[in-house]
Amino acid sequence: MCERKQTPQERYAAKYKKQFKIDCITTTEQDIIEKLESVPNKAGYIKQLIRADIAASKAKD
């Protein structure tokens with residue numbers, strides 16, 4: 001059986017994409033879970049928070 005060829009999007013993702021996973025405990029981190037479930041774009045929200053933190057740390061320097 002021959003293998004399926006990768007699409008250009010799959011080749012690009014394999015080369016450039018990096019994923020991060022976080023575990024949240026439902027008994028102790030329910031506030032985080034509820035906030036993430038309330039936003040429509042979780043990845044965008046997390047990236048926005050990280051970029052704001054980077055800008056704040058640069059402003060302190």
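Helices (H or I, at least four residues) and strands (E, at least two) are DSSP runs, numbered from the N terminus. That is the vocabulary for the exercises below, which work through a predicted model: local features need pLDDT of at least 70, side-chain atom pairs count only at pLDDT 80 or more, and totals for chains, interfaces and linings use all residues. Residues are numbered from 1 along each chain as its sequence is written, and side-chain values use heavy atoms, with hydrogens and water left out.

**Exercise 1. Fold and overall shape**

Work out which elements the protein has and in what order they run from the N terminus.

Solution.
- Start with the count: there are three helices and zero strands.
- Then read along the chain from the N terminus, and the order comes out as α-α-α.
- Next, check the radius of gyration (taken over C-alpha atoms; the globule rule is 2.2 Å times the number of residues to the power 0.38). The protein has 18 Å, whereas a compact globule of 61 residues would be near 10 Å.
- Now look at the C-alpha trace, which spans about 55 × 35 × 20 Å along its principal axes.
- For a long-range check, take Cys2, in the segment before α1, and Ala59: they are 57 residues apart in sequence, and their C-alpha atoms lie 55 Å apart.

**Exercise 2. Buried or exposed?**

Find what share of the 61 residues counts as buried, then sort Val39 and Cys2.

Solution.
- Set the classes before anything else: buried means under 20% relative accessible area, exposed over 50%, and partly exposed in between (1.4 Å probe, protein chains only).
- With those limits, 5% of the 61 residues count as buried.
- Val39 sits in the loop between α2 and α3. This residue counts as buried because its relative accessibility is 12%.
- Cys2 goes the other way: it is exposed because its relative accessibility is 72%.
- For the total, use accessible areas from the Shrake-Rupley method with a 1.4 Å probe (for residues, only the protein chains shown count as cover). The protein exposes about 6300 Å², and carbon and sulfur atoms supply 56% of that.

**Exercise 3. Salt bridges**

Track down the two salt bridges in the structure and say how exposed their partners are.

Solution.
- The idea first: side chains of opposite charge can pair when their charged atoms come close.
- The criterion is a side-chain nitrogen of Lys or Arg within 4 Å of a carboxyl oxygen of Asp or Glu.
- Glu10 pairs with Arg4, and their closest N and O atoms are 2.9 Å apart. Glu10 is partly exposed because its relative accessible area is 30%, while Arg4, at 63%, is exposed.
- Asp23 pairs with Lys21 at 2.3 Å between the closest N and O atoms. Both Asp23 and Lys21 are exposed.
- One more step around Asp23: use contacts (heavy atoms within 4.5 Å). Leaving out residues up to four places away in sequence, Glu29 touches Asp23 and Cys24. Glu29 belongs to the loop between α1 and α2 and is partly exposed, at 25%.

**Exercise 4. The aromatic pair**

Describe the geometry of the one aromatic pair that a search of the whole structure finds.

Solution.
- The pair is Tyr12 with Tyr16, tilted, at 4.8 Å centre to centre and 45° between the planes.
- Why "tilted"? Rings of Phe, Tyr and Trp (its six-membered ring) pair if their centres lie within 6.5 Å; planes under 30 degrees apart count as stacked, over 60 as edge-to-face and the rest as tilted.
- Place them: Tyr12 and Tyr16 are both in helix α1 (residues 8-16), four residues apart, or about one turn of the helix.
- Check exposure: Tyr12 is exposed because it reaches 56% relative accessibility, and Tyr16 is exposed at 52%.

**Exercise 5. A nonpolar patch**

Which residues form a nonpolar patch on the surface?

Solution.
- Know the rule: patches are made of residues with over 30% relative accessible area and no salt bridge, with like charges joined within 9 Å and nonpolar side chains (Val, Leu, Ile, Met, Phe, Trp, Tyr) within 5 Å.
- The members are Ile46, Ile50 and Ile54, with about 240 Å² of accessible area together.
- Take Ile54 as the example: it lies in helix α3 (residues 42-60), and it is partly exposed because its relative accessible area is 40%.
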